[in-house]
Amino acid sequence: MKRVQILDCTLRDGGYIVDSMFGDNAIKGIIQGLTDSGIDVIECGFLKDQPRQDGSTVFNCAAQVRPFLPIDRRQASYVCLADYSRYHIDNLEPYDGSSIDGVRACFFKNERYDVIEFCRQIKEKGYKLYVQPVDILGYNDGELLELIESINEIEPYAFSIVDTFGSMYKEDLQRVFYLVEHNLSGSSKIGFHSHNNLQMSFSLSQEFIDMTQGLRDIVIDATMCGMGRGAGNTNTELVMQYMNRRYNSGYDIDGVLDLIDNYIDGIRAQYEWGYSVPYFLAGSYSAHVNNITYLSNKAGIASRDINYLLNRLGSVDRKRYDYSLLENIYMEYQSSFCDDQASIQILEDQLKGRDILMLLPGYTLSSHREIIDQYIKDKRPVIISVNLLSDKYPIDYVYFSNKNRYQYWKNADGFDSYKKIVTSNVTVDSAKDQIIIDFNRLVKCGWEQLDNSGILLLRLLDLLSVHSISIAGFDGYRHSGSFNYTKKDMEKTRNTVNADEANKNIYDMLEDYMNTRKSNCKINFITPSLFERAIEK
């Protein structure tokens with residue numbers, strides 16, 4: 001038996017493109033052609049709780065697959081995928097050797113405890129059990145080890161590393177593989193199922209084949225022409241060629257090329273799949289492909305808009321597709337655009353060549369007041385406070401890019417007396433002494449803390465030819481029980497992990513700002529900060 005097996009899942013994963021309606025003749029021809037080409041495992045379609053339609057690769061039981069399988073099976077194995085939430089295992093008859101011989105059990109992370117009995121019954125019915133956990137990068141190490149421990153009791157035929165959102169890089173694959181390899185039952189194969197959002201699918205498949213040499217028998221999933229929803233999958237023909245060239249595996253590539261000519265090219269002429277910038281963004285954020293489809297259908301939407309909206313969805317919501325939520329975020333985003341050329345010119349006229357002191361609401365604004373007062377006395381800077389009103393300092397402008405902070409201060413005494421710089425995500429209403437700046441001009445995607453007000457103000461000042469920037473109160477976050485703000489009622493509950501992640505995000509954003517800013521004006525912290533080293537490099 002081969003150490004590396006190729007599993008072609010065109011009729012199942014590729015079925016998303018055509019709603020699984022390949023046509024009975026095509027189904028039979030594809031299975032026959034893959035068998036003749038030496039493909040090791042052929043996934044014939046889905047097992048679901050619904051009546052089978054003519055021409056569909058959605059089956060209700062193994063008996064319905066039987067008519068499409070060749071008399072001479074050669075070395076091939078035939079399987080179907082059963083989504084735990086969409087298939088009652090009672091519909092699957094015991095294995096009798098006349099139809100499929102394996103079932104791939106697919107399940108979401110929140111189903112990982114319930115699916116164990118489902119998997120057990122598949123094996124008890126006599127089928128090879130493939131365990132297919134959706135989005136393996138969504139598991140932390142402890143959760144993955146717990147799942148493997150539960151699965152080991154059943155001893156599956158294979159356990160797959162499934163890169164559902166096409167988000168993996170080489171180091172991700174290596175980390176997950178070695179975790180699985182060291183803990184999975186030695187009798188089980190390890191599979192790899194990838195998607196091509198980052199143009200990494202074939203490269204990762206090669207890496208997986210090579211890194212597993214001498215360690216474990218493996219199964220590589222692929223589809224002809226990479227056929228699959230969104231960015232698609234690893235190409236079967238590419239993996240065959242690699243295996244023949246590197247390991248003399250003897251696959252008949254001509255047979256698969258004939259299948260592509262006879263069946264897949266006709267589908268390709270009517271439907272699209274494969275790499276695109278929107279699907280690259282989906283991979284970058286581990287986002288469900290339906291979110292991309294929904295946003296891409298918006299008239300006039302740009303790739304940077306999709307980038308921002310995915311960033312704002314949040315890590316959990318990205319993996320689902322809640323169109324109402326997506327629409328609300330989209331409409332809010334659209335309403336934040338404004339023409340701010342006149343505002344930028346006003347600020348340029350008033351701040352050009354000046355020394356700027358940014359006052360952020362960190363605790364050091366109180367604890368280091370003497371240092372700040374001395375700095376103000378010596379330098380006479382333009383003072384811009386960030387999301388903060390204070391009678392302790394001679395503030396020239398109050399900057400708001402946080403809607404909640406704006407609402408917090410709006411009813412405070414003296415609010416109307418301050419000159420205000422306000423980004424358009426907070427309000428687009430013009431008012432006396434209120435300068436509106438387009439939020440979208442300042443925001444940059446790629447971080448959970450992308451709308452950090454201190455970073456956004458730095459980006460604004462980078463447009464304005466200022467002489468220098470000094471920063472006070474940009475302390476960084478500490479866990480609950482510590483003082484994070486100069487005013488106690490501004491505090492938020494933070495656990496250690498939350499605080500550490502936020503600080504790393506902001507540090508990385510500050511480093512990025514320093515590396516990409518247009519100005520070379522001097523920047524320094526005058527109060528202690530966790531981010532000081534980011535501007536020293």
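In this predicted model, strand S2 and strand S3 (residues 58–59) run parallel and are joined by two bridges. Within that pairing, Leu-47 has Phe-59 of S3 as its bridge partner. Leu-47 also turns up in another pairing, since its bridge partner in S4 is Ala-82. That makes S2 a handy place to start looking around this part of the chain. S2 covers residues 41–47, and five bridges tie it to S4, again with the two strands running parallel. One of the matched pairs here is Val-41 with Ser-77 of S4. Val-41 is also the bridge partner of Leu-7, and Leu-7 brings in the pairing of S1 with S2, which is parallel and has two bridges. As for how covered S2 is, seven of its seven residues are buried.

Strand S4 (residues 77–83) tells a similar story. Seven of its seven residues are buried, so the strand is largely enclosed by the rest of the structure. The side chains go two ways: Ser-77, Val-79, Leu-81 and Asp-83 point to one side of S4, while Tyr-78, Cys-80 and Ala-82 point to the other, and all of them are buried. Besides pairing with S2, S4 pairs with strand S5 (residues 102–107), in the parallel sense and over five bridges. In that pairing, Val-79 stands opposite Gly-102 of S5. As a bit of background, strands of a sheet pair through backbone hydrogen bonds, and they can do this either parallel or antiparallel.

Next come the aromatic rings. A search of the whole structure turns up 17 aromatic pairs. Take Tyr-16 and Phe-46: their ring centres lie 5.7 Å apart and their planes meet at 80°, and because an angle over 60 degrees counts as edge-to-face, that is what this pair is. The two rings come from distant parts of the chain, 30 residues apart, with Tyr-16 in the loop between strand S1 (4–8) and helix H1 (24–36) and Phe-46 in strand S2. How covered are the two partners? Phe-46 is buried, with a relative accessible area of 5%, whereas Tyr-16 counts as partly exposed at 35% relative accessibility.

Another pair worth a look is Tyr-130 with Tyr-157, which is tilted, with 5.2 Å from centre to centre and 55° between the planes. This pair also links distant parts of the chain: Tyr-130 belongs to strand S6 (residues 128–133), Tyr-157 to the loop between helix H3 (141–152) and strand S7 (158–162), and 27 residues separate them. Tyr-130 is buried at a relative accessible area of 1%. Tyr-157 has a relative accessible area of 18% and is buried too, because the cut-off for buried is under 20%.

Charged side chains join in as well. The charged end of Lys-48 sits over the ring of Phe-46, 4.4 Å from the ring centre. Tyr-16, the partner of Phe-46 in the edge-to-face pair, has Arg-229 lying over its face, at 3.9 Å from the ring centre.

Ring pairs also link Phe-177, Tyr-178, Phe-192 and Phe-208 into a cluster. Some of these names come back where two helices meet. Helix H4 (residues 170–183) and helix H5 (residues 201–211) pack at an angle of about 35°, and their axes are 10 Å apart. Their crossing is right-handed. On the H4 side, the residues in contact are Lys-170, Leu-173, Gln-174, Phe-177 and Tyr-178, and on the H5 side they meet Leu-204, Glu-207, Phe-208 and Met-211.

Further along the chain there is an open sheet of seven strands, with parallel pairing and the order S14-S13-S12-S11-S10-S15-S16. Its edge strands, strand S14 (434–437) and strand S16 (522–525), each pair on one side only. Leaving direction aside, neighbouring strands in this sheet are turned by 20° against each other on average. Inside the sheet, strand S10 (residues 355–359) and strand S11 (residues 382–386) pair in the parallel sense over four bridges. One matched pair there is Ile-356 with Val-382 of S11. A helix belongs to this picture too: helix H15 (residues 369–379) lies across S10, S11 and strand S15 (468–472), and it runs at about 160° to S10.

Technical notes
Residues are numbered from 1 along each chain as its sequence is written. This is a predicted model: local features need pLDDT of at least 70, side-chain atom pairs count only at pLDDT 80 or more; totals for chains, interfaces and linings use all residues. Side-chain values use heavy atoms; hydrogens and water are left out. Buried means under 20% relative accessible area, exposed over 50%, partly exposed in between (1.4 Å probe, protein chains only). Two strands pair if DSSP finds at least two bridges between them. Rings of Phe, Tyr and Trp (its six-membered ring) pair if their centres lie within 6.5 Å; planes under 30 degrees apart count as stacked, over 60 as edge-to-face and the rest as tilted. A charge sits over a ring if NZ of Lys or CZ of Arg is within 6 Å of the ring centre and within 35 degrees of the ring normal. Axes are lines fitted to C-alpha atoms, for helices over the stretch in contact, and angles run from 0 to 180 degrees between N-to-C directions. A crossing is left-handed if the near helix is turned anticlockwise from the far one by less than a right angle, and right-handed if clockwise. Contact means heavy atoms within 4.5 Å.
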